[in-house]
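Grab your viewer and work through these short exercises. Each one comes with a worked solution.

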Amino acid sequence: MTTFHSLTVASVEPETRDAVTITFAIPDALRTEYAFRPGQHLTLKTRLGGEELRRCYSICRSRTPAEISVAVKAIDGGRFSRYAQSDIQQGMEFDVMVPQGHFGYQPSAERCANYLAIAAGSGITPMMAIIEATLATENNSRFTLIYGNRSSHSMMFRQALADLKDRYPQRLQVVHLFSQESMDSDLLQGRIDGDKLRALSEHLLDFSRFDDAFICGPSAMMDDAETTLRALGMPEKSIHLERFNTPGTSVKRATGVAGGRPYRHAASGWP
């Protein structure tokens, strides 16, 4: 389905020095069309310099049925992402496709499970929607997030994660890893890779106890994480990936969960 509707920008909120969250207002007549499964994305369409541009961004939240939000992080050479950071303002209108994508998870009130999310950089965006919806819907489920960044200053959704931790102190565990910021423990210093996950397994986490794992971030990190989780005891069917592609890269696979069962699909490009 390639249905676009014109939506008004309700707000633009800075997340970091180079990332913003854009919230669109959804008219009453379109609320059903913009209902989404946590982990899906929106395609935004606009014209810059006489050229039509389309870009896909993960949905990070929907506080009410009357709004939907995506996060955009500026990248080198990213025409739309730089435009989003500097020029998009409240009241502007954009053509926005209805939610798409197969990555993610539809929570079920009857399910009780132990989930893992591994995210690096802007890969946190779909995880925010998945984690928040799951904890709100599945009252007895738990979520552990391993979140890698260069530093605390470059971390997207810092306050939103703190708020979630305050709301679910017994059911949400967040493990922050920083590659360019000194930490009290060597265990929390560095990038997410196979060695780091094995170290976390030895000292902090039992990966075999997780029912499902969701991974999003740079391709090399995701490959390493998937291989390592399998070696640490997680079944392949329980590991779900979202790969977003910069211009010029090939389409990759992604996986998600519907009703507790995994599936795979071809992921569209993510500038």
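**Exercise 1.** How many helices and strands does the secondary structure of the chain come to?

*Solution.* Ground rules first: this is a predicted model, where local features need pLDDT of at least 70, side-chain atom pairs count only at pLDDT 80 or more, and totals for chains, interfaces and linings use all residues. Residues are numbered from 1 along each chain as its sequence is written, and side-chain values use heavy atoms, with hydrogens and water left out. Now take the DSSP runs, numbered from the N terminus (helices: H or I, at least four residues; strands: E, at least two). You get five helices and 14 strands.

**Exercise 2.** Work out what share of the chain's residues is buried.

*Solution.* Call a residue buried if its relative accessible area is under 20% (1.4 Å probe, protein chains only). Of the 271 residues, 51% pass.

**Exercise 3.** Classify the aromatic pair of Phe143 and Phe214, then place it in the chain.

*Solution.*
1. Rings of Phe, Tyr and Trp (its six-membered ring) pair if their centres lie within 6.5 Å; planes under 30 degrees apart are stacked, over 60 edge-to-face, the rest tilted. The structure holds 12 such pairs.
2. For Phe143 and Phe214, the centres are 6.4 Å apart and the planes make 35°, so the pair is tilted.
3. Phe143 belongs to strand 9 (residues 142-149) and Phe214 to strand 11 (residues 212-216), so the pair links parts of the chain 71 residues apart.
4. Both Phe143 and Phe214 are buried.

**Exercise 4.** Which residues form one aromatic cluster?

*Solution.* Phe24, Tyr57, Phe80, Tyr83 and Phe94 do.

Methods
Buried means under 20% relative accessible area, exposed over 50%, partly exposed in between (1.4 Å probe, protein chains only).
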